[in-house]
Amino acid sequence: AAKAAVDFGETGDFGEWRPIDYSGGSYGTNGFFIDFESEMGIHAATGGSIATDGDYKVHTFTSNGTFEVTTAPAAGATVEYLLVAGGGAAGRSWNWGGGGGGGGVLSGYLDVSAQEYAVVVGAGGARGTTANTLGGGANSTFGGLAAVGGGAGRSGYGGDSPDYQSPTAGGSGGGSISGPGAGTAGQGFAGGSGAGGSNPHGGGGGGASEEGSTDAIMDGGDGITNWITGAAVVYGGGGAGSREDTAKGTAGTGGGGSNAAGTNGLGGGAGSAASDTNGGSGVVIIRYRFQ
């Protein structure tokens with residue numbers, strides 16, 4: 001028999017083509033049926049905060065925990081994952097300061113089996129109080145994968161500034177006047193370079209989708225949009241830099257701060273401010289088909 005494509009598959013929630021059960025009865029002399037859904041789906045799992053999105057379960061971890069696959073097909077199963085690391089702290093604005101880099105963002109698919117998997121959610125970077133203290137965000141990990149914590153922005157300098165730190169590399173790099181921190185390929189971008197002179201500017205921290213200072217010299221880089229929860233959410237935005245006259249840049253979308261800390265749960269880099277500003281914590285999200 002000549003059959004149409006819709007007899008064997010359908011368009012999924014995100015535009016993907018997925019197999020369905022053939023309802024035509026017999027498969028003929030040489031035909032056979034492969035149960036793709038039972039091969040790919042997980043029947044039951046625990047850990048984190050669990051929500052249902054149609055035929056999918058979504059496990060969200062905002063702190064360290066354990067993802068346990070309690071029931072899975074003998075051949076194993078596949079989960080979709082999103083790992084967002086902690087964002088970097090911003091440089092204190094003694095005359096100027098660079099924004100903190102957004103936490104690295106890593107997504108994809110992973111084969112799993114019925115066992116426990118440790119989940120680590122990266123904390124945001126803490127601004128140090130001693131010279132050259134690094135305030136990069138912490139990594140988020142799951143199943144042997146790691147999203148890299150955002151780099152710290154460089155603190156301003158001047159005659160009345162007792163402490164400062166250099167920008168650091170990370171998932172996305174921290175901002176500076178020159179020589180900002182590098183990003184991690186596939187996870188984020190470098191911080192931005194500001195400008196010296198009589199009114200120095202600190203560059204913005206890098207984001208998951210662009211370098212810091214892309215839109216304007218003190219602006220944080222924008223984060224990246226992901227749909228794993230069933231809705232569009234932006235993660236890994238860079239923090240804004242500051243200027244000697246106390247002006248502040250615009251935060252990168254996805255949790256970056258402007259004259260404020262990064263947003264927890266989005267891995268946002270902190271924005272440069274006169275007081276300490278910390279990076280935002282990350283998140284780990286796991287999604288799978290359960291029916």
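Over how many bridges do S6 and strand S9 (residues 116–120) pair, and in which sense? The two strands pair over four bridges, in the antiparallel sense. Please keep in mind as you read on that this is a predicted model.

**The chain as a whole**

Let's step back for a moment. The protein chain contains one helix and 14 strands. Of its 291 residues, 47% are buried. Its accessible surface comes to about 12100 Å², and carbon and sulfur atoms account for 51% of that. Among contacts with a separation of 6 or more, 57% join residues that sit 24 or more positions apart.

**The five-stranded sheet**

Back to the strands we began with. S6 and S9 belong to an open sheet of five strands, in the order S3-S6-S9-S10-S11, with antiparallel pairing. At the edges are strand S3 (44–46) and strand S11 (145–147), each of which pairs on one side only. From one strand to the next, the twist averages 15°. As general background, the strands of a sheet pair through backbone hydrogen bonds, in either a parallel or an antiparallel way.

S3 is joined to strand S6 (residues 65–71) by three bridges, in the antiparallel sense. If you would like to find these pairings in the viewer, look for Ala-45, which stands opposite Val-69 in S6. For the pairing with S9, look for Glu-68, which has Glu-116 opposite.

**The nonpolar cores**

Next, the interior. The largest nonpolar core has 21 residues, and those touching the most other members are Ile-42, Phe-67, Val-79, Val-112, Phe-142 and Val-284. At least two residues of this core come from each of S6, strand S7 (77–84), strand S8 (105–112), S9 and strand S14 (283–289). The biggest contribution is that of S7, with four residues.

Val-79 makes a handy viewpoint here. Leaving aside neighbours within four places in sequence, its contacts include Ile-42, Val-112 and Phe-142, along with Gly-108, Tyr-109 and Leu-110. Val-79 also contacts Ile-286, Arg-287 and Tyr-288. Apart from this core lies another one, of nine residues, including Leu-82, Ile-228, Val-283 and Ile-285.

**Aromatic rings around Phe-67**

The structure holds three aromatic pairs. Two that involve Phe-67 are set out below.

| Pair | Geometry | Centre to centre | Angle between planes |
|---|---|---|---|
| Phe-67 and Phe-142 | edge-to-face | 6.1 Å | 80° |
| Phe-67 and Tyr-288 | tilted | 6.3 Å | 55° |

What does each pair tie together? Phe-67 lies in strand S6 and Phe-142 in strand S10 (residues 140–142), so their pair links parts that are 75 residues apart in sequence. Tyr-288 lies in strand S14, so its pairing with Phe-67 in strand S6 links parts 221 residues apart in sequence. Phe-67 and Phe-142 are both buried, and Tyr-288 is buried as well. Together with Tyr-117, these residues form one aromatic cluster: Phe-67, Tyr-117, Phe-142 and Tyr-288.

**A loop residue**

Finally, is Ala-231 buried, partly exposed or exposed? Its relative accessibility is 39%, so Ala-231 counts as partly exposed; the buried class would need a value under 20%, and the exposed class one over 50%. Ala-231 is found in the loop between strand S12 (224–226) and strand S13 (233–235). In sequence, Ala-231 and Asp-53 are 178 residues apart, while in space their C-alpha atoms are 9.8 Å apart.

Definitions and conventions:
Residues numbered from 1 in each chain as written. Predicted model: local features only at pLDDT ≥ 70, side-chain atom pairs only at ≥ 80, totals over all residues. Heavy atoms only, no water. Buried < 20%, exposed > 50% of the residue type's maximum accessible area, 1.4 Å probe, protein only. Pairing = 2+ DSSP bridges. Axes fitted to C-alpha atoms, helices over the stretch in contact; angles between N-to-C directions. Core = buried A, V, L, I, M, F, W, Y, C linked by side-chain atoms within 4.5 Å. Contact = heavy atoms within 4.5 Å. Areas by Shrake-Rupley, 256 points an atom, 1.4 Å probe, with all protein chains shown as cover. Phe/Tyr/Trp six-rings, centres within 6.5 Å; stacked < 30°, edge-to-face > 60°.
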